[in-house]
Number of protein chains: 2
Amino acid sequence: MSRNKRAELVERSLWLFYRNGFHATGMDLVAKETGVSKTSIYKHFRTKEELILAALQLRDTNFRSWLFDRMETLADTPKAQMLAIFDAIEEWFLEDSFQGCMFIKASAEYQAEDHAINQQSMAHKQLLADHFANLASAAGYVDPETLANRLMVLKEGAIVLAAMSHSAKPAQDARAIAQVLLETTARKQDA
Amino acid sequence: MSRNKRAELVERSLWLFYRNGFHATGMDLVAKETGVSKTSIYKHFRTKEELILAALQLRDTNFRSWLFDRMETLADTPKAQMLAIFDAIEEWFLEDSFQGCMFIKASAEYQAEDHAINQQSMAHKQLLADHFANLASAAGYVDPETLANRLMVLKEGAIVLAAMSHSAKPAQDARAIAQVLLETTARKQDA
DNA sequence: TGCGATATTAACAGATCTGTCACCTACGTA
DNA sequence: TACGTAGGTGACAGATCTGTTAATATCGCA
C-alpha cells in the first residue's frame, strides 16, 4: 500500500468514526467505504483499535494545525489570539461536517483511565492547553497554566453544547466569558 | 413485574450503560447483571433504545434532584447557589463512580439531531439551564437566560475535562470563572 | 518475459448483537 | 383444586462483530 493510499484509508476511517461513532462503525463498513479490502487493512493495522489510534493521531495533527493557523489569522497579539479561539470554533460549529469533538467522543466510548484511546485523547487536550499557556505567558499573565486550563473549560463546554444542540451559539457565550476572564486575570505589566 | 423490580431493572441498566457505554453494553449482559431474563426485559421494553430512554429519564430525575438539593444545602442566596453548582459537581467528580455526564455520552453515541436519545439528552440540559435561569432571575440579573447558558458552558466544560483527566480540578477552574462572571454581569439593582 | 511483493476477493471462524419463540414454573384468586 | 397471568429458561434466527485463511490478481522491476 502506497503512503498515499494508507493516508487516504486513515483519513476516510477518521470521518466514518467521527460521524458514526467508534463501536457503531464496523470494519466491514470501513472496508466498503474506503475501498480498501479488510484483509489489506488488517495487514497494516493489527486491530481496529490501532486504526482508531491512527485516525485520532491524524485528527490531532489536522485540528491543532487548523485551529492555531486560524487563531493567528484572526488576531495579532497573544491576548487577542486567545480570544480568537472562540471565533475559530464558531466557524467550526457552522460547518456542515461538525459533529462535536472527536476526542471527547473517543474517550466517552473508551473511558478507562489506562486505555490507549483515552490517553491519546487526553494528550491532544494537553497539547492544546500547552499552546494556550504559551500564549498566556507571551501576553504577560502571571499564571499562564491556570489561565490555559480555564480557557480549555470554556472551549470544551462550548463544543459539547454546540454538538448537542446543533447550534453555534455556545461559541459566543464562551467568547464573552473569555473576554471577561482575560480582562480580570492578573498580568505582570498591565497594559 | 412489580413496580419495584422494574425500577431496579432500570436503575441497574443505568449503571451498566453509564460505566460501559451504550453500544458496548449488550442486552445479554443487562439480563445477567440485573437478574432479569432477557425475555422479561423485552416484555416491558420493546427495544434496547426504549430501555436506554428509561434509564436516561431516571438519570435526569435523580441528577437534577441531587444537584438542586446540594446547591440549596451549600448556599443560601440565589447568587451563591449559582456558584455552588461548582462545589456540588466537584463533590461528584470525587466520587469513585464518576464517569462523566451520561447525557453527553449518550448524545455522543446517538448524535443524529432527530434521534430520541439525543433529544432527551438535550431536554435534560435545557431543564438545568431553566433552573439556573430562575436563580439568575431571582438574583436580579438583567439577562438571566444568557447567564444561565454561560453557566452551562462552564459546567459542561468542567465535566468533560474531569472525566477525561480523571481529576476534580476542572471544577475549581470553572468555579473561579463563574465567580468572575457573576461579579461582572449586569444586575438590576447592584448590591 | 518472469520474479517477488503486495492487494484483492470470498469465504470462513467464533463470538456477540438484538430480538423472538415455545415451554415451564410460581402464585394469587376463585 | 383449577385457572389465568406474569416471569423464567434456554434455544434459536438472522445479522453483525473482529479477525483470519487460501487462492487469485496486479504491479513494479529486472
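**Exercise 1. A salt bridge in chain B**

Task: In this predicted model, find the partner with which K125(B) forms a salt bridge, and say which helices the pair ties together.

Solution.
- Step 1. Start at the side chain of K125(B) and look for a carboxyl oxygen within 4 Å of its nitrogen. You will arrive at E156(B), where the closest N and O atoms are 2.9 Å apart.
- Step 2. Now place both residues. K125(B) belongs to helix α7 (residues 116-138) of chain B and E156(B) to helix α8 (residues 144-165) of chain B, so this salt bridge joins parts that are 31 residues apart in sequence.
- Step 3. Check the surroundings: K125(B) and E156(B) are both buried.

**Exercise 2. The pair in chain A**

Task: Work out whether E156(A) and K125(A) are buried or exposed, and name the residues linked with them in a network of salt bridges.

Solution.
- Step 1. Find the contact. A salt bridge joins the side chains of E156(A) and K125(A), at 2.9 Å from N to O.
- Step 2. Locate the two ends. E156(A) sits in helix α8 (residues 144-165) of chain A and K125(A) in helix α7 (residues 116-138) of chain A; with their positions 31 residues apart, the pair links distant parts of the chain.
- Step 3. Apply the cut-off: a residue is buried when its relative accessible area is under 20%. E156(A) has 0% and therefore counts as buried. K125(A), at 1%, is buried as well.
- Step 4. Look for further partners. K155(A) joins K125(A) and E156(A) in a network of salt bridges.

**Exercise 3. A salt bridge inside one helix**

Task: Describe how D60(A) and R64(A) are placed relative to each other in their helix.

Solution.
- Step 1. Both residues are part of helix α4 (residues 48-74) of chain A.
- Step 2. They are four residues apart, which is about one turn of the helix.
- Step 3. Their side chains meet in a salt bridge, with 2.9 Å from N to O.
- Step 4. D60(A) has a relative accessible area of 12%, so it is buried.
- Step 5. For the wider picture, the structure holds 20 salt bridges over all chains.

**Exercise 4. Where the chains meet**

Task: Describe the interface of chain A and chain B, and find which element gives the most residues to chain A's side.

Solution.
- Step 1. Begin with the residues in contact: 42 from chain A and 42 from chain B.
- Step 2. Turn to area. The size of an interface is often given as the accessible area lost when the parts come together. Here chain A and chain B bury about 3,300 Å² between them, and carbon and sulfur atoms give 70% of that area. Q111(A), V153(A) and M164(A) supply 22% of the area that chain A buries against chain B, more than any other three residues.
- Step 3. Search for charged pairs. Two salt bridges are found across the interface; in the one between D173(A) and R150(B), N and O are 3.6 Å apart. Eight residue pairs are in polar contact between the chains.
- Step 4. List the elements that give two or more residues to chain A's side: α1 (3-20), α6 (102-109), α7, α8 and α9 (169-184) of chain A. With 13 residues, α8(A) gives the most.
- Step 5. Sort the residues on chain A's side by kind: 20 are nonpolar, 13 polar and nine charged.

**Exercise 5. Relating the copies**

Task: Find the rotation that superposes chain A on chain B, and the C-alpha of chain A that is nearest its axis.

Solution.
- Step 1. A rotation of 180° with 0.0 Å of shift along its axis does it, giving an RMSD of 0.0 Å.
- Step 2. The two copies are therefore related as by a two-fold rotation axis.
- Step 3. In chain A, G157(A) has the C-alpha nearest the axis, at 1.8 Å.
- Step 4. Compare the contact residues: 100% of those of chain A recur in chain B, and the same surface serves both copies.

**Exercise 6. A positive phi**

Task: What is notable about phi of H166(A), and where does this residue lie?

Solution.
- Step 1. Phi of H166(A) is near 50°, a positive value in a residue other than glycine.
- Step 2. H166(A) is in the loop between α8 and α9 of chain A.
- Step 3. Its relative accessibility is 36%, so H166(A) counts as partly exposed.
- Step 4. Repeat for the other chain: phi of H166(B) is also near 50°, and H166(B) counts as partly exposed at 35%.

Technical notes
Residues numbered from 1 in each chain as written. Chains lettered and ligands numbered in written order. Predicted model: local features only at pLDDT ≥ 70, side-chain atom pairs only at ≥ 80, totals over all residues. Heavy atoms only, no water. Buried < 20%, exposed > 50% of the residue type's maximum accessible area, 1.4 Å probe, protein only. Contact = heavy atoms within 4.5 Å. Buried area = accessible area lost by both parts, 1.4 Å probe. Polar contact = N/O pair within 3.5 Å; in protein donor to acceptor, adjacent residues only side chain to side chain. Nonpolar A, V, L, I, M, F, W, Y, C, P; charged D, E, K, R; others polar. Least-squares fit on C-alpha atoms with pLDDT ≥ 70 in both.
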